[in-house]
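Student: Please pick one part of this model and look at it closely. I am new to it, and I would like the setting before the details.

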Amino acid sequence: MITIQFVFYLVGALFAAWSLLSLFDRTNPKRFGNAAFWGLIALSLIAGHLLEDFHNGLLVLALAALATFKMLGRGAPSVGEAERAAAGERHGNKLFLPILVVLLTAVLGTLLYLYTPLRETGLFEKNRETFILLCFGVLLALAVIFAWLKPPILAPLDEGRRLIDAVGWAAVLPLMLAALGLVLADTGVGKTIGTLLLTVIPEGTVLPAVIVFGVGMALLTILTGNAFAAFPVMATAIGVPLLIQGYGGDPAVVGAIGMLAGFCGTLMTPMAANFNLVPAALLELKDQNGVIKAQIGTAIPMLVVNILFIYFFAF
Amino acid sequence: MGEGALNQYLPLLGIVVVIFGFALRFNPMLVVPAAALTTGLLAGFDIEEVIGKLGKAFNDARIIIIPWVVLPVIGLLERYGLQQRARAVIGGFRAATAGRLLILYLLYRQIISAIGLHSTAGHPQTVRPLLAPMAVAAAEKQTELDEETEEKVKAYSAATDNVGLFFGEDIFFAIGSIVLIQQTLEAYDIILSPLELAVWAIPTAIAAFIIHGARLLMLDRSLARTTGDGMRRP
């Protein structure tokens, strides 16, 4: 059986390659920082299950330190803008084809596996089919590109590194926030917030509980700047014990639309700097909250809609 | 208030660390572990235990990193001009008004995000070089643009990218947030496949298109009103 560990090894090897390439990239003034950062992620993916919790924790703190002390930089792209434009002209819309290979392998592969007798072969680890097939799709697409365009052998790794360097430490921030959420849940903070919120929910009626869950997702997202940090807390406090286990709500609806209620909060908070403050600066707006102001009129009606959707679809 | 009650609320200071950390613009990569350590220590664990908890939680959530595996394909295609191709496709939509242009982009942004191509567009890639200038150019045809109105059109361009991304990406089942939902619920023995979750992002995506689309049409109407004023000028 192909398990998720296979995926971890593959993606770990990718990060290890990015780490090595960073190490020798003299165009990046902070190459040692990048090499260390991507190397630690590679270590976590390849051997995280073998390390003790404490050592994994030290790894997390090391990632945080590298990001905090601004030790990550970017190398220079190998191919210039003009050259890319000319190549795009030459290859036309066929360039979208390899992306379709990745997507169709993941989407159709998952559907084919789950809804045919293939499932009984037990080829893939349960509930991990999509990730495994996504990796196969990437390998297949790379094979197509190599056969068609014959790029230099290191080109996919180098071009991938250009993109991951552009993302920088933000690549693992969602992981950090998920970890924070789990620690908050583990130390009873979720329960405490839950008990606080539960005091305002009248017993025995579903709608007020759904409203507190949705508004709570949005508020906590506004406070933390990220729905990823809010979700585990609100799920632990209200979503799972009250909506799913208490009132028998559909967990898929509560989970999926609950997260989207949080996204309404993301549209309204300066804490979500990437989405709200960075573009204001990028577009040279005088008012740094200009983007948020343009979004509030969409965010509030969307929050109402999401709460109604949970109420009508989950119960 | 009894000591027990106080002890119960002390760990909430971790949330306070998050709020102040973000408000004072510290690096989130510093704020987040600091908040986790604060909460853990105040909940009565020793430092080694808290670091262990952080490590275990990080390790258990590693699957969130997996979608980055597509970067070599995207990066390689960009080397051969994928972005320029994508721009040419968007550039083909020559709409007459700022609002209609933004509605087309909203649809485009939702669709590419829904099929996992969310990182092929964004504020640096599409909004600054393409969308904002095109929207401003379209608005100039509708009205005599003053500075305030131009700022508004630019802000709406960035806002439209965010709305399209947020209410499109969760339809793609291999995205981080879907995985986070799956992982969180799995801790309670609620086992869901990513596809089961992703389909429930569709109704919200449609609602977002209708609501934000309506606001973009209202933007057009407000631009048309300013034109009326402009016409009266000599």
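Tutor: What follows starts with the two chains, then looks closely at one helix pair between them, and ends with other parts for context.

This is a predicted model: local features need pLDDT of at least 70, side-chain atom pairs count only at pLDDT 80 or more, and totals for chains, interfaces and linings use all residues. Residues are numbered from 1 along each chain as its sequence is written, while chains are lettered from A and ligands numbered from 1 in the order in which they are written.

Begin with chain A. It has 14 helices and 0 strands. (Helices are DSSP runs of H or I, at least four residues long, strands are runs of E of at least two, and both are numbered from the N terminus.) The C-alpha atoms of chain A fill a box of roughly 65 × 60 × 45 Å along the principal axes. Of its 315 residues, 50% are buried. (Buried means 20 or more other C-beta atoms within 10 Å of the residue's own; exposed means 12 or fewer; partly exposed is in between; C-beta atoms are placed from the backbone.)

Chain B has 12 helices and 0 strands. Buried residues are 56% of its 234. Now take its contacts between residues at least 6 apart in sequence: 70% of these join residues at least 24 apart. (Two residues are in contact if their C-beta atoms, placed from the backbone, lie within 7 Å.) For chain A, counted that way, the figure is 72%.

The chains meet. In chain B, 98 residues are in contact with 115 residues of chain A. The chain B side of that meeting has 65 nonpolar, 20 polar and 13 charged residues. (Nonpolar covers Ala, Val, Leu, Ile, Met, Phe, Trp, Tyr, Cys and Pro; charged covers Asp, Glu, Lys and Arg; the others, Gly among them, are polar.)

Here is the part for the close look: helix H9 (residues 147–169) of chain B against helix H14 (residues 290–314) of chain A. Take H9(B) by itself. At 1.5 Å a residue, its 23 residues should span 33 Å, and its end C-alpha atoms are 33 Å apart, which agrees. (The expected span is 1.5 Å times one less than the number of residues.) Of those 23 residues, 20 are buried, so H9(B) is largely enclosed by the rest of the structure.

Now the pair. The two axes come within 8 Å and cross at roughly 60°. (Axes are lines fitted to C-alpha atoms, for helices over the stretch in contact, and angles run from 0 to 180 degrees between N-to-C directions.) H14(A) and H9(B) are therefore oblique to each other. (Under 35 degrees is roughly parallel, over 145 roughly antiparallel, 65 to 115 roughly perpendicular, and the rest oblique.) The crossing of H14(A) and H9(B) is right-handed. (That is, the near helix is turned clockwise from the far one by less than a right angle; anticlockwise would be left-handed.)

Which residues of H14(A) and H9(B) meet? From H14(A) come A:Gly290, A:Val291, A:Lys293, A:Ala294, A:Gln295 and A:Thr298. From H9(B) come B:Glu151, B:Ala155, B:Tyr156, B:Ala158, B:Ala159, B:Asn162 and B:Val163. By class, this contact has 7 nonpolar, 4 polar and 2 charged residues.

For context, look at a pair inside chain A. Helix H11 (residues 227–246) and helix H12 (residues 251–266) pack at about 140°, with axes 10 Å apart. That makes H11(A) oblique to H12(A). Their crossing is right-handed. The contact of H11(A) with H12(A) has 10 nonpolar, 5 polar and no charged residues.

Move on to the loop between H12 and helix H13 (273–282) of chain A, where A:Thr269 sits. A:Thr269 counts as buried, with 22 C-beta neighbours inside 10 Å. Beyond its neighbours within four places in sequence, A:Thr269 is in contact with A:Thr221, A:Ile222, A:Gly225 and A:Asn276.

Finally, visit B:Asp60 in helix H4 (residues 47–60) of chain B. B:Asp60 has 18 C-beta neighbours inside 10 Å and counts as partly exposed.
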